[in-house]
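Open the structure in a viewer and keep the selection panel at hand. The stops below each give something to select and say what is there.

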Amino acid sequence: MSRSRAWRRFLRSDALRRIACRITHCYIRFVYLTSRWSVEGDDWTCRLTREGRTFIVAFWHGRLLMMPLAWHGLAPFHMLISAHRDGRIIAGAMTYFGIETIAGSTSRGGSSALRKILKRLKEGGCVGITPDGPRGPAMTVSIGIVNIARLAGVPIVPVTYATSRRRELASWDRFHLALPFGRGVFLFGEPIEIDAELDETGLEDVRCLIEARMVEMVREADRRVGHHSSSHWTGAGSVGPVRPVTDE
């Protein structure tokens with residue numbers, strides 16, 4: 001076997017994936033421990049838990065990195081993650097935080113993922129979903145998360161975070177790469193209930209409500225740590241030209 005072929009095989013190997021998972025986990029913890037964090041609105045999730053209700057946590061794909069540390073063990077937490085190779089790295093990193101992952105998305109491989117999500121919710125767990133994942137459009141809510149919440153009879157709780165030191169990557173989701181030694185904020189939004197009797201128009205209205213609220217929460221979180229919305233960000237569903245942004 002040639003050296004180049006052996007190297008390519010290593011890059012696709014389970015061993016390298018495990019290393020990447022471990023590094024990702026360590027980086028997330030390092031950023032969290034070296035930053036000053038505040039949390040607002042988590043009383044919503046505490047209230048739902050006290051009432052014995054499960055729920056879906058919704059956050060943008062670009063704000064996924066620090067989400068494991070927004071959860072404080074109120075109930076078993078599961079996260080819907082793409083079955084793609086990059087998704088498997090994220091899934092592996094999540095296991096270090098005690099988070100079980102469900103492979104799939106709300107649109108691709110949906111039937112298998114849907115059954116698992118409904119089962120976890122019925123068992124008393126909560127499920128985290130990126131409603132614009134795994135491939136976008138960025139900050140656009142898919143109807144899938146609304147249908148899942150309606151079928152399960154559970155509310156959707158929007159969550160986001162922002163950090164004062166970050167890099168906004170030139171990826172489709174404008175990934176928010178949190179950097180250490182800064183300030184951070186987690187924001188939890190009011191639960192959004194989904195009426196089981198909604199027709200197609202009603203479901204679309206709820207989808208738009210969730211999207212608008214999640215976009216506004218990102219803006220508010222950014223504002224609280226000293227950032228304004230990037231000049232190329234014009235709102236939900238509008239990606240526009242993307243370039244790297246560094247905020248120190």
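Select Arg 207 first. At 13% relative accessibility this residue counts as buried, because the cut-off for buried is under 20%. The model is a predicted one. Add Glu 204, which forms a salt bridge with Arg 207, the closest N and O atoms being 3.0 Å apart. Both residues belong to helix H7 and sit three residues apart, about one turn of the helix. Glu 204 has 34% relative accessibility and counts as partly exposed.

Next, select Glu 40, Glu 220, Arg 223 and Arg 224. Salt bridges with shared partners join these four into one network.

The count for the structure is eleven salt bridges. Go on to Arg 53 and Glu 193, whose side chains meet in a salt bridge at 2.9 Å, N to O. This pair links distant parts of the chain, 140 residues apart: Arg 53 is in the loop between helix H3 (43-50) and strand E2 (56-58), and Glu 193 is in the loop between E9 and helix H7 (200-224). Arg 53 is partly exposed at 29% relative accessible area, and Glu 193 is partly exposed at 45%.

Then select Lys 119 and Glu 123. Their side chains meet in a salt bridge of 2.5 Å, N to O. Lys 119 counts as partly exposed at 45% relative accessibility, while Glu 123 counts as exposed at 52%.

Now turn to the aromatic rings. A search of the whole structure gives six aromatic pairs. Select Phe 30 and Phe 181: this pair is edge-to-face, with 5.7 Å centre to centre and 90 degrees between the planes. Phe 30 lies in helix H2 and Phe 181 in the loop between strand E8 (176-178) and strand E9 (183-188), so the pair ties together parts 151 residues apart in sequence. Phe 30 is partly exposed at 39% relative accessibility, and Phe 181 is exposed with a relative accessible area of 55%.

Select Tyr 32 and Trp 37 next. Their ring centres are 5.5 Å apart and the planes are at 25 degrees, so this pair is stacked. Tyr 32 is partly exposed, with a relative accessible area of 26%. Extend the selection to Tyr 161 and Phe 186, since ring pairs link Tyr 32, Trp 37, Tyr 161 and Phe 186 into a cluster.

For the cysteines, select Cys 26 and Cys 208. Cys 26 is partly exposed at 38% relative accessibility, and Cys 208 is partly exposed at 36%. The whole structure contains zero disulfides.

Which residues lie nearest the centre of the largest pocket? Select His 61, Asp 86, Gly 87, Ile 90 and Pro 134; these do, out of 30 lining residues. The volume of the largest pocket is about 630 Å³. Colour helix H2 (14-33), strand E3 (77-81) and helix H4 (85-95), each of which supplies at least two residues of the lining. H4 gives the largest share, six residues. By type, the lining divides into 15 nonpolar, eleven polar and four charged residues.

Finish at helix H6, residues 143-152. Its buried residues are Gly 144, Ile 145, Val 146, Ile 148 and Ala 149. Step to Gly 153, just after H6, where phi is positive at about 70 degrees.

Methods
Residues numbered from 1 in each chain as written. Predicted model: local features only at pLDDT ≥ 70, side-chain atom pairs only at ≥ 80, totals over all residues. Heavy atoms only, no water. 1 Å grid on protein atoms, 1.4 Å probe; cavity = no way out; pocket = protein on both sides within 12 Å on 5 of 7 lines; lining within 4 Å. Points joined across faces, edges and corners; volume = space filled by probe spheres on them. Helix = DSSP H or I, 4+ residues; strand = E, 2+ residues; numbered from the N terminus. Nonpolar A, V, L, I, M, F, W, Y, C, P; charged D, E, K, R; others polar. Buried < 20%, exposed > 50% of the residue type's maximum accessible area, 1.4 Å probe, protein only. Disulfide = S-S within 2.5 Å. Phe/Tyr/Trp six-rings, centres within 6.5 Å; stacked < 30°, edge-to-face > 60°.
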